[in-house]
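Here is a friendly walk through some charged pairs and enclosed spaces. Please keep the viewer open as you read.

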Amino acid sequence: MSEIVLDQVTKRFGPVTACDRVDFELREGEVHCLLGENGAGKTTLMSMLFGLLRPDDGQLMVGGRPAEFDSPRDALDAGIGMVHQHFMLVPDFTVAENVVLGSRSAWNPRLRRTVIEAEVAEVSERSGLAVDPAARVRDLPVDVQQRVEILKLLYRGARVLILDEPTASLGPAGIRSLFTALEALRAQGHSAVLITHKLTEVQEVADRVTVIRAGRSEGVFARGSYREADLARAMTGG
């Protein structure tokens with residue numbers, strides 16, 4: 001079943017067409033890679049899904065129904081969250097404070113820190129993203145900070161995760177940890193979109209791949225039905 005459908009979506013910035021009648025479909029419980037070179041329009045497309053941008057043309061469907069998002073809060077209310085390439089965490093706050101920030105006050109006198117930490121620990125354990133809720137974000141390595149960003153979305157009830165170039169700042173161990181976490185989340189029914197330009201990682205983790213080149217869809221490839229050369233040719237046109 002389709003969880004998300006973008007139908008003929010177009011976005012223009014003045015004379016530049018960043019996305020030109022792009023089609024994209026995300027199924028329930030799927031890891032779907034959005035593949036393309038830098039500047040291909042990948043992040044622009046997903047920014048429309050997350051409510052950061054409004055499409056100029058086309059239609060967005062969520063759960064089989066038309067949807068319009070005026071802000072990221074609208075997207076989160078629909079169960080869609082996005083982790084940006086540059087994290088949006090407060091370094092001096094704890095993991096728990098960062099996770100609840102924006103959804104409830106971490107300083108509510110009626111809400112003790114131990115209660116917040118227990119809630120975040122429960123989400124962490126359930127999702128398989130092991131993070132100490134009492135740790136200060138400034139003391140955490142990059143891969144664990146990324147987990148905190150994902151936990152923020154899960155805490156808000158996101159079932160669809162958009163990850164923008166999630167492996168860009170990770171080493172091999174961090175990448176493996178991320179992919180393991182995605183497998184666990186997929187098993188729980190979550191869906192994920194990975195924005196990337198890395199062919200090897202796409203082949204390892206993706207159920208399907210949508211390739212975008214110069215703002216246009218260049219094809220959808222299912223796991224096991226393509227070679228790396230097929231993806232490279234679709235990405236570059238060569």
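## R216 and its partner

In this predicted model, R216 is partly exposed, because its relative accessibility is 38%, which falls between the 20% and 50% cut-offs. The side chain of R216 pairs with D20 in a salt bridge, and their closest N and O atoms are 3.6 Å apart. D20 sits in strand β2, residues 16-27, while R216 belongs to strand β10, residues 216-222, so this contact ties together parts that are 196 residues apart in sequence.

How exposed is D20? At 22% relative accessibility, D20 also counts as partly exposed, since buried would require a value under 20%.

## Two further pairs

If you move on to K198, you will find its side chain meeting that of E201 in a salt bridge, with 4.0 Å from N to O. Here the partners fall into separate classes: K198, with a relative accessible area of 24%, is partly exposed, whereas E201, at 13%, counts as buried because that value is under 20%.

R223 and D207 form another salt bridge, with an N to O distance of 3.6 Å. This pair links distant parts of the chain, 16 residues apart. R223 is in the loop between β10 and α8 (228-236), and D207 is in the loop between α7 (199-205) and β9 (208-213). R223 is partly exposed at 41% relative accessibility, and D207 is partly exposed with a relative accessible area of 23%.

## The wider set of salt bridges

How many salt bridges does the structure hold? The count is 22. Side chains of opposite charge can pair when their charged atoms come close. Some of the residues involved join up beyond simple pairs: a network of salt bridges links E25, R27, E30 and R208.

## Enclosed spaces

Turning to the interior voids, the model has four cavities of 30 Å³ or more. The largest cavity contains about 50 Å³ of space.

Which residues line the largest cavity? To highlight them in your viewer, select V83, H84, Q85 and F87, then Q146, and then L163, D164, E165, P166, A168 and S169. By class, this lining consists of five nonpolar, four polar and two charged residues. The charged members are D164 and E165, because Asp and Glu count as charged. Among the nonpolar members are V83, F87 and L163, because Val, Phe and Leu belong to that class.

Terms used:
Residues numbered from 1 in each chain as written. Predicted model: local features only at pLDDT ≥ 70, side-chain atom pairs only at ≥ 80, totals over all residues. Heavy atoms only, no water. Helix = DSSP H or I, 4+ residues; strand = E, 2+ residues; numbered from the N terminus. Buried < 20%, exposed > 50% of the residue type's maximum accessible area, 1.4 Å probe, protein only. 1 Å grid on protein atoms, 1.4 Å probe; cavity = no way out; pocket = protein on both sides within 12 Å on 5 of 7 lines; lining within 4 Å. Points joined across faces, edges and corners; volume = space filled by probe spheres on them.
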